[in-house]
Amino acid sequence: MSNCIFCKIIDGEIPSAKVYEDELIYIFKDIEPQVKVHLLAIPKKHITSLDELTAEDEQAIGHIFSTVAKLSEEFGITEGYRVISNCKDHGGQTVGHVHFHVLGGEKLPMNII
Ligand code: AMP
Ligand code: ZN
């Protein structure tokens, strides 16, 4: 998607604080962290919102969760974390490329994101 900021981050056109990348997914630090550790995990494929996911996206989406689990020590979230994805306007989505907020590094309040 030519005007998608997260696609531009994946392509390196917009700088980001990358913490992990492979052929399917990209994980980087949120520019406005809400808690001590606030990462964004995204599929490299442009998918506008969660409600556009199809069966062919299951590998990438599942891979996001297993990768966060595998790298929890490196990310500083071994004591636990929260994963949130906002879908479209009513869900509070502001960037139109599916993303999962990975929040941790401290005891989280219940009203976050
Ligand atoms: P959401 O409101 O769920 O769509 O989340 C979008 C998130 O993207 C927000 O937490 C923003 O702080 C974050 N964000 C927007 N632009 C950037 C950027 N250039 N680099 C890193 N995070 C960003
Ligand atoms: Zn995109």
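At 9% relative accessibility, Cys7 counts as buried, falling under the 20% cut-off. That makes a handy way into this predicted model, because Cys7 sits in helix α1 and, together with His46, ties together parts that are 39 residues apart in sequence. Helix α1 turns up again below: it gives the largest pocket the largest share of its lining, and it carries Phe6, whose ring partner Phe28 is in strand β2.

**The zinc site**

- Four protein residues hold the zinc ion (ligand 2): Cys4 and Cys7 each donate through SG, while His46 and His97 each donate through ND1.
- These donors lie 2.0 to 2.3 Å from the zinc ion.
- What geometry does the site of the zinc ion (ligand 2) have? It is tetrahedral, with angles of 107 to 116° among the four donor atoms.
- For reference, the ideal angle for four tetrahedral donors is 109.5 degrees.
- Along the sequence, the donor residues follow the spacing C-x2-C-x38-H-x50-H.
- Cys7 belongs to helix α1 (residues 5-11), and His46 to the loop between β3 (37-43) and α2 (58-70), so this pair of donors bridges parts of the chain 39 residues apart in sequence.

**The largest pocket**

- The volume of the largest pocket comes to about 440 Å³.
- Its lining is made up of 23 residues, and those nearest the centre are Phe6, Asp30, Ile31, Glu32 and Leu40.
- Which elements give two or more residues to that lining? They are α1, β2 (25-29) and β3.
- Helix α1 supplies the largest share, three residues.
- Sorted by character, the lining of the largest pocket has 11 nonpolar residues, nine polar and three charged.

**Aromatic contacts**

- The model has three aromatic pairs.
- One pairing is Phe6 with Phe28: the ring centres are 5.4 Å apart and the planes meet at 80°, which is over the 60-degree cut-off, so the pair is edge-to-face.
- This pair links distant parts of the chain, with Phe6 in helix α1 and Phe28 in strand β2, 22 residues apart.
- Are Phe6 and Phe28 buried or exposed? Both are buried.
- Add Tyr26 to Phe6 and Phe28 and you have one aromatic cluster.
- Phe6 is worth a second look, since this ring residue of the cluster is also among the residues nearest the centre of the largest pocket.

**A backbone oddity at Lys88**

- Lys88 has a phi near 60°, a positive value in a residue other than glycine.
- Most residues other than glycine have a negative phi.
- Where is Lys88 found? It is in helix α4, which covers residues 88-91.
- Lys88 counts as partly exposed because its relative accessibility is 42%, between the 20% and 50% cut-offs.

**Ile112 and two far-off residues**

- Ile112 has its place in the segment after β5 (100-104).
- With a relative accessible area of 11%, Ile112 is buried.
- From Ile112 to Lys8 is 27 Å in space, C-alpha to C-alpha, and 104 residues in sequence.
- Ala60, which lies in helix α2, is buried as well, at 12% relative accessibility.
- Ala60 and Ile112 are 52 residues apart in sequence, with 25 Å between their C-alpha atoms.

Definitions and conventions
Residues numbered from 1 in each chain as written. Chains lettered and ligands numbered in written order. Predicted model: local features only at pLDDT ≥ 70, side-chain atom pairs only at ≥ 80, totals over all residues. Heavy atoms only, no water. Donors = N, O, S within 2.8 Å, 3.2 Å for Na, K, Ca; no water. Tetrahedral: all angles 85-135°; square planar, octahedral: opposite > 155°, others 65-115°. Helix = DSSP H or I, 4+ residues; strand = E, 2+ residues; numbered from the N terminus. Buried < 20%, exposed > 50% of the residue type's maximum accessible area, 1.4 Å probe, protein only. 1 Å grid on protein atoms, 1.4 Å probe; cavity = no way out; pocket = protein on both sides within 12 Å on 5 of 7 lines; lining within 4 Å. Points joined across faces, edges and corners; volume = space filled by probe spheres on them. Nonpolar A, V, L, I, M, F, W, Y, C, P; charged D, E, K, R; others polar. Phe/Tyr/Trp six-rings, centres within 6.5 Å; stacked < 30°, edge-to-face > 60°.
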